[in-house]
Amino acid sequence: MNVIIVGCGRVGETLASQLLEEGNNITVVDVNQESVSEVSSKYDVMGVVGNGATHTVLEEAGINSADLLIAVTGSDELNLLCCLIAKRSGHCQTIARVNNPIYSAEASYLKNELGLAMVINPEYATAQEIARVIRFPSAINIDTFSGGKVELVKFRLPERSTLVGMSVKEVVTKLRCDILICTVERGDEAYIAKGDFVFEGKDIISIIASPKNAQDFFKKINYTTRSVKDVMVVGGGNTAHYLCDILDKSGIYVKIVEGNEARCHELADKWKNVAVILADSSDKTVLLEEGIRSAGAFVAMTPQDEENVLLSLYAKSVGDAKLITRINRVDYDDVIKHLNLDSIVYPENITSDIIVRHARAMKNTMGSNVETMYNVIKGKVEASEFIVKKNSPITGTPLSQLKFKNDVLIAAILRDGKVMIPRGYDVICPGDRVVIVSGIMALHDICDVLR
């Protein structure tokens with residue numbers, strides 16, 4: 001596809017990288033010449049310097065032949081205007097990034113009236129991700145397929161777990177759990193789980209199962225799945241705004257520590273059941289007085305990544321809360337992942353992944369049939385959901401007899417609303433939804449897994 005990305009910030013650069021890897025033709029647009037030059041030279045994409053909300057600049061960027069325009073500048077209004085002009089100038093689909101809660105409430109109206117394919121709100125998407133982890137605090141991350149019928153759960157293995165010393169194939173036979181172990185991360189290494197792989201303490205494991213079977217698995221390995229009743233949030237920005245709304249509806253008590261007085265009043269007026277504390281978030285005395293030691297979960301999401309890391313480390317040193325740390329820059333993710341901070345949330349990755357999934361879905365009309373995609377291990381392993389079409393060469397033959405490429409797992413089959421964790425004797429049928437975990441990046445068709 002021909003894709004125009006307006007805005008060369010962190011999200012724009014991440015999108016350019018991911019969509020280029022998928023074989024798309026990318027043109028980036030920004031008013032900052034240095035930003036355009038940096039992204040275009042780094043990823044070998046076309047670059048246009050100028051205002052993406054003008055017809056002249058969009059024509060230079062190739063709007064007449066574009067399939068998709070994505071506006072991810074720092075201005076909501078500019079993004080919406082870019083999409084409006086693109087719709088009038090060409091025949092492409094458009095996606096606008098919108099952060100302001102005022103516009104978020106109007107997302108459905110804006111999408112319909114402006115003819116947008118998607119309105120993506122990074123702050124709200126981040127809040128949803130945090131809320132999912134809070135509801136199941138034992139997990140590092142949870143992704144869902146088929147409307148939540150299948151979950152991909154990532155968790156860290158305790159050093160004294162019953163799984164330590166056990167191989168992957170022994171999990172099924174000894175524990176009799178209907179789950180599939182997909183990947184294992186150990187230090188800087190990442191593995192697609194094979195039958196003879198033996199677990200060690202501190203391994204980061206991802207499994208695929210129905211929500212019920214996942215809970216059953218965690219009970220059998222005596223893995224703590226305590227529920228969170230209260231959350232301390234440091235930082236009262238837009239993500240906190242959305243998170244309060246989600247958690248308040250779930251009956252989870254929220255306490256926010258924020259240093260901006262006007263913002264405190266705004267949050268306090270909006271939610272009567274949310275405690276808002278006007279204080280310096282870096283003041284340890286304040287955090288102790290407000291109950292950091294006994295908090296069920298602690299969310300650090302100030303504007304400063306360094307402060308978020310330090311706050312989470314402090315929360316870990318004084319209490320037993322589930323830690324969730326917001327990181328805006330991914331440059332040092334290799335360092336941060338060694339700090340053992342429970343769950344790390346990267347808003348730009350969440351945003352780019354959602355947009356890339358939509359771009360893949362657009363290719364359905366071009367021969368692809370991918371429905372949903374998640375990065376299980378960033379840049380190394382993906383999980384993709386496909387709908388199997390008639391006459392597909394993957395149907396009608398037992399899985400054990402099919403010749404799959406290396407690093408491919410058929411992780412789940414959904415048929416008639418029921419979840420199947422496949423075994424060698426199972427057969428894929430037309431109309432099935434199939435979840436595949438693969439080290440082959442950017443799968444476009446389910447047949448790509450066959451040799």
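The following exchange concerns a predicted model and the reasons behind some of its structural descriptions.

User: What makes strand E1 largely enclosed by the rest of the structure?

Analyst: Strand E1 covers residues 2–6, and four of its five residues are buried, so the rest of the structure largely encloses E1. Buried here means under 20% relative accessible area.

User: Why are E1 and strand E2 said to pair?

Analyst: Pairing requires at least two bridges between the strands. E1 and E2 (residues 25–30) have five bridges, in the parallel sense, so by that definition they pair. One of the partnerships links valine 3 with isoleucine 26 in E2. Between these strands the chain passes through helix H1 (residues 10–21), in a right-handed β-α-β crossover.

User: How do you know that E1 also pairs with strand E4?

Analyst: Four bridges join E1 to E4 (residues 68–71); the definition asks for at least two, so E1 and E4 pair. The two strands run parallel, and isoleucine 5 stands opposite isoleucine 70 in E4.

User: Why are the buried residues of helix H2 placed on the same side of H2?

Analyst: In H2 (residues 33–43), the buried residues are Val36, Val39, Ser40 and Tyr43. They cover an arc of only 95 degrees around the axis, which means that they lie on the same side of H2. In general, an α-helix has 3.6 residues a turn, so residues three or four places apart point the same way. The buried residues of H2 pack against H1, E2 and strand E3 (46–49).

User: What makes asparagine 32 a cap of H2?

Analyst: A side-chain oxygen of asparagine 32 lies 2.9 Å from the backbone nitrogen of glutamate 34, at the N-terminal end of H2. A polar contact needs N or O atoms within 3.5 Å, and the distance of 2.9 Å satisfies that limit.

Note on methods. Residues numbered from 1 in each chain as written. Predicted model: local features only at pLDDT ≥ 70, side-chain atom pairs only at ≥ 80, totals over all residues. Heavy atoms only, no water. Buried < 20%, exposed > 50% of the residue type's maximum accessible area, 1.4 Å probe, protein only. Right-handed = clockwise from strand over helix to strand, strands pointing away. Arc of directions from axis to C-beta. Contact = heavy atoms within 4.5 Å. Polar contact = N/O pair within 3.5 Å; in protein donor to acceptor, adjacent residues only side chain to side chain.
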